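Work through the exercises below with the sequence and the model side by side. Try each task before reading its solution.

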Amino acid sequence: MEKLNYEVLEKSGYKGYILKDAPEKVLQFGEGNFLRAFVNYWFDVSNEKAGWNGKCVLVQPIAPGLAKLINEQEGLYTLYLRGTENGQKVDRKRVISSVSRCLNPYEKADFDAMMEVAVSDDLEYVVSNTTEAGIVYDPACQLADEPASSFPGKLTQVLYKRWQAGKGGLVILSCELIDNNGKELLKCVNQYVDQWELEAEFKAYVNEQCTFCSTLVDRIVPGRIRDAAEVARLEEENGYTDPLTDVGEVFGVWNIEGPEWLGEKLPFQRAGVNCIVVPDVTPYKKRKVRILNGAHTGFVLGAYLGGYDIVRDCMFDDTIRGYMNKMLFDEILPILPLPKEDVESFAAAVQDRFNNPFINHELMSISLNSTSKWRARNMPSFLEYVELKGQLPACLTMSFAAYIAFFSNDIQELTDAGLVCRRPKGNTYVCSDDRWALEFYYAHRNDSVEDLVHAVMTNEQMWGQDLTQVPGFEAATVGNLKKIREEGAIAAYASCL
């Protein structure tokens, strides 16, 4: 069977939208699964729905990458968006044609090609997702390097070439999963401008004519299909092979921090995709962390002790689902600084996302580093609720007891791999967290419930404060932990409803 390209696709009888030729308007650093299931998908939909008429040139951030394969397929690849919407199973296929080519700048010809794109009149945007470690300043990078090893170094080279050619500024959309990603990227570029002693006029161009946007991206992208039988079935259905096949969840949202005019310039609003330009992305980051991530950390530890192993199965348990929804809609949403409709819509999508029939999201993988996760994701909601309402939120309070229970349930031993505990149904599990936190729980393995709760809540290394100062919290946690140990976590969750 032939590998996907435009000729093979035409022979296959594919009836979906395809755009073969268009100006290259995007220079994209990153060619991995996430960007291809997220950014390139949305530009593809914008071509179809908004007449954007643009292509993306991809750039490998590091030397080994997908350039050869992408170019062999003329930029085409198959994307499956899978999940549930309004309780209904969804499995959508789309061949993406918004990518023109992929460059490997570690080869001389492709480095020169990248610089040709840099000075193009068609270029409007730079997009990046070079992992959390990508936005770093490396003083070893030099202007004469071909290319600079760091992504900010490469971007500085691109912008300097463009400025030298007298071309207008670009919009830079950073998708790395760090706080203030756009601001951090601009900071690194300015460091290179100073280190390389570039002209003051160029520094003004970078800071005044280019628009660096911090963005928040949200889509789960499993990427490859790993089941060989399913791969064979899809190839037979499609009439071609495609080693670049990508898979993402149906849900997707992109919040971009930028000036008002950018919302009109970007094609996404006209295309009807879930992307908004806002003056400050911080509330939307808070929305994701408090609702999506907070829901995970809030219910999975007790659910695991209650016998469940993956997120989807938890959504079929009326008690766990009811507990999660009460935590979200009664305790977390009312204190978020966003419009009620906005946060309720986001929260409603969470249940569909957790019920995704195509993703086996293991509770133990979510349990990693739960101490810092409860502090970052759940504690702010808990404390703000107490301050606002003058009482304890039942489900968030219970989630803290479930956290303690998970790290203290019939402790067996402390190994290099982590803290080994025993589940109520008999099997052992390994808690993974900061070593000091694991050593703390091991040292307190023989404590009474009262002594353990007091030790945990007064551990300021864990929480940055003494949680026994929250009125009624210590006594409630003692009662909740006893209930979990004596009646089981599911019964404890039910007591909150």
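The exercises that follow concern a predicted model, and they go from aromatic rings to strands, pockets and a loop residue.

**Exercise 1. Classify a ring pair.**

Task: Find the rings of Phe 38 and Trp 42 and decide which kind of aromatic pair they form.

Solution:
- Step 1. The structure holds 35 aromatic pairs, and one of them joins Phe 38 and Trp 42 with 4.8 Å from centre to centre.
- Step 2. Ring centres must lie within 6.5 Å to count as a pair, and planes under 30 degrees apart count as stacked, over 60 as edge-to-face and the rest as tilted.
- Step 3. The angle between the planes of Phe 38 and Trp 42 is 35°, and the pair is tilted.
- Step 4. For burial, the cut-off is under 20% relative accessible area. Phe 38 has 0% and is buried; Trp 42 has 2% and is buried.

**Exercise 2. Place a second pair in its helix.**

Task: Which helix holds both Tyr 403 and Phe 407, and how many residues apart are they?

Solution:
- Step 1. The ring centres of Tyr 403 and Phe 407 are 5.2 Å apart with 50° between the planes, which is a tilted pair.
- Step 2. Tyr 403 and Phe 407 lie in helix H18, residues 394-408. Their spacing is 4 residues, about one turn of the helix.
- Step 3. Tyr 403 and Phe 407 are both buried.
- Step 4. Tyr 403 and Phe 407 also belong to one aromatic cluster, whose members include Trp 374, Phe 400, Tyr 429 and Trp 463.

**Exercise 3. Find charges over rings.**

Task: Over which rings do the charged ends of Arg 36 and Arg 82 sit?

Solution:
- Step 1. For Arg 36, the ring is that of Tyr 77, with the charged end 4.7 Å from the ring centre.
- Step 2. For Arg 82, the ring belongs to Tyr 80, and the distance to its centre is 5.1 Å.

**Exercise 4. Trace two hairpins.**

Task: Follow the chain through strands E12 and E13 and on to strand E14, and describe how the strands pair.

Solution:
- Step 1. E12 (residues 413-414) pairs with E13 (residues 419-422) in the antiparallel sense, over 2 bridges. Leu 414 stands opposite Leu 419.
- Step 2. The hairpin of E12 and E13 leaves 4 residues between the strands, and Gly 418 in its turn has a positive phi of about 150°.
- Step 3. E13 and E14 (residues 428-431) run antiparallel and are joined by 4 bridges. Here Leu 419 stands opposite Cys 431.
- Step 4. The hairpin of E13 and E14 has 5 residues between its strands, and Gly 426 takes a positive phi near 115°.

**Exercise 5. Describe the two largest pockets.**

Task: What is the volume of the largest pocket, and which element gives the most to its lining?

Solution:
- Step 1. The volume of the largest pocket is about 940 Å³. Its lining has 35 residues, and those closest to the centre are Leu 177, Leu 216, Lys 285, Lys 288 and Asn 293.
- Step 2. Elements that give two or more residues to this lining are strand E8, helix H12, helix H16 and helix H17. H12 gives the most, with 9 residues.
- Step 3. By residue class, the lining of the largest pocket has 13 nonpolar, 11 polar and 11 charged residues.
- Step 4. The second largest pocket has a volume of about 450 Å³. Its lining has 27 residues, with Glu 85, Arg 92, Val 250, Phe 251 and Gly 252 nearest the centre.
- Step 5. The lining of the second largest pocket divides into 10 nonpolar, 7 polar and 10 charged residues.

**Exercise 6. Look inside the largest cavity.**

Task: How much space lies in the largest cavity, and which helices each supply at least two residues of its lining?

Solution:
- Step 1. The largest cavity holds about 70 Å³ of space.
- Step 2. Helices H13 and H15 each supply at least two lining residues. Among the residues of the lining are His 296, Arg 312, Arg 353 and His 361.
- Step 3. The lining of the largest cavity is made up of 4 nonpolar, 3 polar and 2 charged residues.

**Exercise 7. Judge a loop residue.**

Task: Is Asn 104 buried or exposed?

Solution:
- Step 1. Asn 104 is in the loop between strand E5 and helix H5.
- Step 2. The relative accessible area of Asn 104 is 10%, so this residue is buried.
- Step 3. Leu 66 is 38 residues away from Asn 104 in sequence, and their C-alpha atoms are 8.7 Å apart in space.

Conventions
Residues numbered from 1 in each chain as written. Predicted model: local features only at pLDDT ≥ 70, side-chain atom pairs only at ≥ 80, totals over all residues. Heavy atoms only, no water. Phe/Tyr/Trp six-rings, centres within 6.5 Å; stacked < 30°, edge-to-face > 60°. Buried < 20%, exposed > 50% of the residue type's maximum accessible area, 1.4 Å probe, protein only. Lys NZ or Arg CZ within 6 Å of the ring centre and 35° of its normal. Pairing = 2+ DSSP bridges. 1 Å grid on protein atoms, 1.4 Å probe; cavity = no way out; pocket = protein on both sides within 12 Å on 5 of 7 lines; lining within 4 Å. Points joined across faces, edges and corners; volume = space filled by probe spheres on them. Nonpolar A, V, L, I, M, F, W, Y, C, P; charged D, E, K, R; others polar.
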